[in-house]
Amino acid sequence: MTDYTPDTFKALLAKLVKTPEYFTPHDIRLALEHLFTPDAVHPSQIGAFLTAMHIERVERRPENLAVAAQVLRERALKVAIEDDDKDFVVDIVGTGGDGHNTFNVSTTAAVVAAGAGARVVKHGTDLLQSLDCMFVPPTAGITMPIARVPFTFILAPHYHPALAMIAPYRKLLPFRTLFNVLGPLINPACPKGMVLGVAERELGLPFAESLRDGGVVRALVVCGAEGLDEISCAGDTWAWELKEGNITESKLHPTQFGLPVHPLSSVGSGPPSQNAETFKTLLTSGSDIPEELTPVLHFVLMNASALLVVAGIASDFKDGVRIAMESMTSGAAWKALVAFREAGKAAIAKVQESTL
């Protein structure tokens with residue numbers, strides 16, 4: 001077994017600082033194994049490593065993103081997706097950090113896509129707790145089964161204990177680190193299709209390449225022109241499509257979805273309770289969605305449409321909008337959320353019974 005100590009990490013740190021251009025994916029793996037081994041690294045070394053990675057832009061290289069994600073997935077608590085060989089599992093997620101504080105469109109779009117027939121296993125932290133959804137924490141050493149329901153949400157902090165080890169040091173730094181942007185790449189469900197939003201255009205191609213390196217079959221990496229980690233309802237969105245191993249860069253616009261432009265100010269986020277109420281209103285009003293929610297509705301439709309295209313359910317973005325709208329107005333999207341909520345309550349009850 002390899003011994004990881006502050007001295008062995010010191011050599012890696014020296015290489016990163018003195019010759020960052022030669023810091024390889026293998027070095028990244030060794031460094032992360034040090035970080036995630038208790039007492040193998042001094043706290044000051046953690047800060048130095050994260051700072052050097054950031055300043056030298058080493059954390060932006062696709063091959064380094066891919067290997068870092070692989071290390072974290074290996075250390076994540078395990079899940080077993082029921083019938084994952086039969087379904088094309090997808091996810092929609094953003095890196096966060098865009099500073100625009102918009103309505104939580106990715107989760108809403110995920111549920112809408114699930115109501116339209118996609119198999120969605122979403123990974124992150126979210127508003128669903130405000131909608132009475134319950135999450136069963138996994139047990140270390142035991143693979144967590146994920147039932148075959150249209151929509152499932154994996155609460156990220158439950159599955160990545162390694163990240164908890166370095167969280168206190170990350171929070172003390174005045175910049176977003178490698179680990180802030182890795183979240184979309186470390187879904188333990190290993191989806192085959194993704195819509196992934198990044199807040200910086202320069203991250204688009206590296207993330208698309210990292211998804212390909214990580215085994216994703218089809219994806220759309222997006223960055224709103226405003227630095228939004230979603231498909232923007234306000235104008236242009238840069239996009240990198242991964243399909244059949246090839247990555248193609250393009251630009252998206254609401255008109256390609258058959259929708260008008262709305263300013264980002266019209267799709268702002270509110271307190272969790274307000275966001276939950278907006279979510280419920282969108283999915284339970286049938287054809288009578290309040291007019292004042294039109295900008296949010298269109299914001300959701302665009303992003304759900306993209307996920308439906310990636311999932312192979314929609315033929316193009318306008319078709320995706322049509323299918324997504326039907327999912328919402330028919331009540332199918334809300335049923336997908338209710339099925340997930342009821343499955344969570346049943347799982348909690350089962351755990352409680354086993355402890356009696």
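This tour moves through a predicted model, from one helix to a strand and its neighbours and then to the nonpolar cores.

**Stop 1: helix α1**

Select residues 6-18, which form helix α1. The helix has 13 residues, and the distance from its first C-alpha to its last is 18 Å, close to the 18 Å expected at 1.5 Å a residue.

Now show the side chains of Phe9, Leu12, Leu13 and Leu16, the buried residues of α1. Why do these residues lie on the same side of α1? They do so because they cover an arc of only 100 degrees around the axis. Turn to the other side of the helix, where Asp7, Lys10 and Lys18 are exposed.

Next, add α2 (25-35) and α3 (43-55) to the selection; the buried residues of α1 pack against both helices.

**Stop 2: strand β7**

Select residues 218-224, strand β7. Is this strand mostly covered or mostly uncovered? It is mostly covered, with seven of its seven residues buried. Colour Arg218, Leu220, Val222 and Gly224, which point one way from β7. Then use a second colour for Ala219, Val221 and Cys223, which point the other way. In a regular strand, side chains alternate between the two faces of the sheet.

**Stop 3: the neighbours of β7**

Add strand β6 (residues 193-197), which runs parallel to β7 and is joined to it by five bridges. Within this pair, Gly197 is found opposite Val222. Include helix α9 (residues 204-213) as well: β6, α9 and β7 together make a right-handed β-α-β unit.

Then select strand β8 (residues 237-243), which pairs with β7 in the antiparallel sense over seven bridges. Here Cys223 of β7 stands opposite Trp238 of β8.

**Stop 4: the nonpolar cores**

In soluble globular proteins, nonpolar side chains tend to be buried together. Select Val120, Leu128, Phe151, Leu220, Phe279, Leu282 and Leu283: of the 62 residues in the largest nonpolar core, these touch the most other members. Among the elements that each supply at least two residues of this core are β2 (89-94), β5 (151-155), β7 and α10 (272-284). Which helix provides the largest share? That helix is α11, with twelve residues.

Centre the view on Leu283 to inspect its surroundings. Leaving aside residues up to four places away in sequence, Leu283 touches Thr108, Val111, Val112, Met328, Gly331, Ala333 and Trp334.

Apart from the largest core lies another, of 49 residues. To find it, select Leu12, Leu72, Leu178 and Leu182, which are among its members. Leu12 was shown at the first stop, as one of the buried residues of α1.

Conventions: Residues numbered from 1 in each chain as written. Predicted model: local features only at pLDDT ≥ 70, side-chain atom pairs only at ≥ 80, totals over all residues. Heavy atoms only, no water. Buried < 20%, exposed > 50% of the residue type's maximum accessible area, 1.4 Å probe, protein only. Helix = DSSP H or I, 4+ residues; strand = E, 2+ residues; numbered from the N terminus. Pairing = 2+ DSSP bridges. Right-handed = clockwise from strand over helix to strand, strands pointing away. Expected span 1.5 Å × (residues − 1). Arc of directions from axis to C-beta. Contact = heavy atoms within 4.5 Å. Core = buried A, V, L, I, M, F, W, Y, C linked by side-chain atoms within 4.5 Å.
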